[in-house]
Amino acid sequence: MIETRTLMLQEALSSPERVAVLLDHDAAVYEALATRLRARPADALLTLARGSSDHAAQHLAYLVMARLGRLVTSLPMSLLTLYGARLPAGSLHSFAFSQSGQSPDLVEPTRALRAGGAGTVALVNDTASPLAAAAEFVLPLHAGPERSVAATKSYIAQLVAGARLVAHWQQDAVLQAAVAALPEALARAAAQDWQSALPVLQGASQLFVIGRGPGLAVAQEAALKFKETCGMQAEAFSGAEVQHGPMALVGAGWPVLVLAPRGPAQAGLLDLATRLQARNAHVMLALPEAQRAAAEAAAPGLLTLPLALTGHEDLDALAAVQSFYPLVEALSRARGRNPDQPPYLAKVTKTH
């Protein structure tokens with residue numbers, strides 16, 4: 001199906017194997033951290049991240065809020081690094097997400113929060129990095145070296161590490177079993193063919209990517225990859241938020257990628273896709289194979305893409321992004337770009 005094996009594609013397709021390595025290591029660390037989180041509940045939970053890592057952090061936040069009933073805030077790191085805000089660190093737990101672990105705006109807040117008595121966790125690929133040294137608990141991603149500027153396997157590893165932590169934290173045997181089965185589920189997802197979306201996207205200059213619930217974090221990652229590797233103005237919205245101001249932009253020919261995995265949000269996303277198709281938008285709807293025929297019958301002309309299933313609906317978004325990466329890599333090449341070397345970007349970005 002795909003002839004040119006860029007670094008981005010090689011790394012994306014290696015994700016199931018790397019996730020298997022992740023799940024085969026560090027069980028004691030996850031259990032110790034989960035025990036600490038249950039024994040010493042914090043007044044506030046914070047995530048610290050940028051770019052793709054921030055999307056993974058949002059997925060963790062959604063699982064924690066939905067399953068554990070704990071509020072999670074994405075910390076604007078400049079509050080500490082630029083504005084000198086003083087936070088009551090002793091009552092906090094922070095979770096920093098990074099591939100490289102090099103950026104000062106992750107390292108400095110983690111170090112300061114830990115010095116103030118906060119619980120600090122780093123989900124990081126480079127365990128020899130300053131971020132890993134700054135945090136009390138380190139959850140290694142085990143993604144291996146990632147040479148493509150566009151992150152793929154490290155993002156999926158961050159999603160898996162977050163879900164694994166939540167499963168241990170909640171002591172949910174069903175979710176733990178589903179996480180353990182992710183390498184096989186991701187391998188099935190990598191085999192799904194989304195190339196039928198290429199003709200819709202190749203000449204497009206803008207599009208919306210829509211998700212909801214745990215899938216919103218993956219929609220945000222997809223929109224970033226469209227920008228980064230394809231030079232397209234892509235915006236991610238929840239299926240609810242897009243029906244406010246952004247809906248005014250959607251008319252005939254406007255491309256919309258809707259990610260509709262299983263779960264409470266799916267019915268609304270399917271209805272939205274049908275209504276957008278009726279407005280002659282170019283709708284690409286990703287949903288489980290068993291539902292594709294009914295969706296196409298309800299909205300003639302709708303383009304459906306197959307979603308692989310995982311062992312739990314809260315994890316199906318991980319399968320969606322695994323299927324998405326080969327599509328966006330192929331689209332980048334079809335548009336005459338190099339997905340391994342997006343212009344003006346570097347693998348490690350250091351901000352304050």
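This report looks at a few helices of a predicted model and then at four single residues.

**Two helices with a buried side**

Helix α3 runs over residues 27-39, and its length can be checked with a short calculation: at 1.5 Å a residue, its 13 residues should span 18 Å, and the C-alpha atoms at its two ends are indeed 18 Å apart, so expectation and model agree. Within α3, the residues Y30, L33, A34 and L37 are buried. These buried residues cover an arc of only 100° around the axis, which means that they lie on the same side of α3. On the face of α3 that is turned away from this buried side, one finds the exposed residues A28 and A39. The buried residues of α3 pack against two helices, α2 (15-23) and α8 (153-170), and against the strands β3 (92-98), β4 (119-124) and β5 (137-140).

Helix α9 (173-180) can be read in a similar way, beginning with its buried residues, which are L175, A178 and V179. Because they cover an arc of only 100° around the axis, they are placed on the same side of α9. The exposed residues A173 and A180 sit on the face of α9 that is turned away from the buried side. Among the elements that cover the buried residues of α9 are α2, α4 (51-68), α8 and α10 (182-190).

**A pair of helices**

How do the axes of helix α12 (residues 215-230) and helix α15 (residues 316-334) cross, and within what distance do they come? The two axes come within 10 Å and cross at roughly 10°. Since angles under 35 degrees count as roughly parallel, α12 and α15 are therefore roughly parallel to each other. On the side of α12, the contact is made by G215, V218, E221, A222, K225, F226, T229 and C230, while α15 contributes A317, A320, V321, F324, Y325, V328, L331 and S332. Sorted by character, the residues of the contact of α12 with α15 divide into 11 nonpolar, 3 polar and 2 charged.

**Four single residues**

The table sets out where four residues are located and how accessible each of them is.

| Residue | Location | Relative accessibility | Class |
|---|---|---|---|
| L13 | helix α1 (residues 7-13) | 29% | partly exposed |
| Q171 | loop between α8 and α9 | 54% | exposed |
| N280 | loop between α13 (266-278) and β9 (282-288) | 52% | exposed |
| L287 | strand β9 | 0% | buried |

Leaving aside residues up to four places away in sequence, L13 touches R5, A190, Q322 and P326. The C-alpha atoms of L13 and P130 are separated by 29 Å, and these two residues are 117 residues apart along the chain.

Under the same exclusion of residues up to four places away in sequence, L287 touches A260, L270, R292, A295, T304, L305, P306 and L307. L287 counts as buried because its relative accessibility is 0%, where buried means under 20%. Between the C-alpha atoms of L287 and Q266, which are 21 residues apart along the chain, the separation is 8.8 Å.

The two loop residues of the table can also be described by their backbone. Q171 has a positive phi of about 55° although it is not a glycine, and N280, which is not a glycine either, has a positive phi of about 70°. Q171 counts as exposed because its relative accessibility is 54%, and N280 is likewise exposed, with a relative accessible area of 52%, where exposed means over 50%.

How values were computed: Residues numbered from 1 in each chain as written. Predicted model: local features only at pLDDT ≥ 70, side-chain atom pairs only at ≥ 80, totals over all residues. Heavy atoms only, no water. Helix = DSSP H or I, 4+ residues; strand = E, 2+ residues; numbered from the N terminus. Expected span 1.5 Å × (residues − 1). Buried < 20%, exposed > 50% of the residue type's maximum accessible area, 1.4 Å probe, protein only. Arc of directions from axis to C-beta. Contact = heavy atoms within 4.5 Å. Axes fitted to C-alpha atoms, helices over the stretch in contact; angles between N-to-C directions. Parallel < 35°, antiparallel > 145°, perpendicular 65-115°, else oblique. Nonpolar A, V, L, I, M, F, W, Y, C, P; charged D, E, K, R; others polar.
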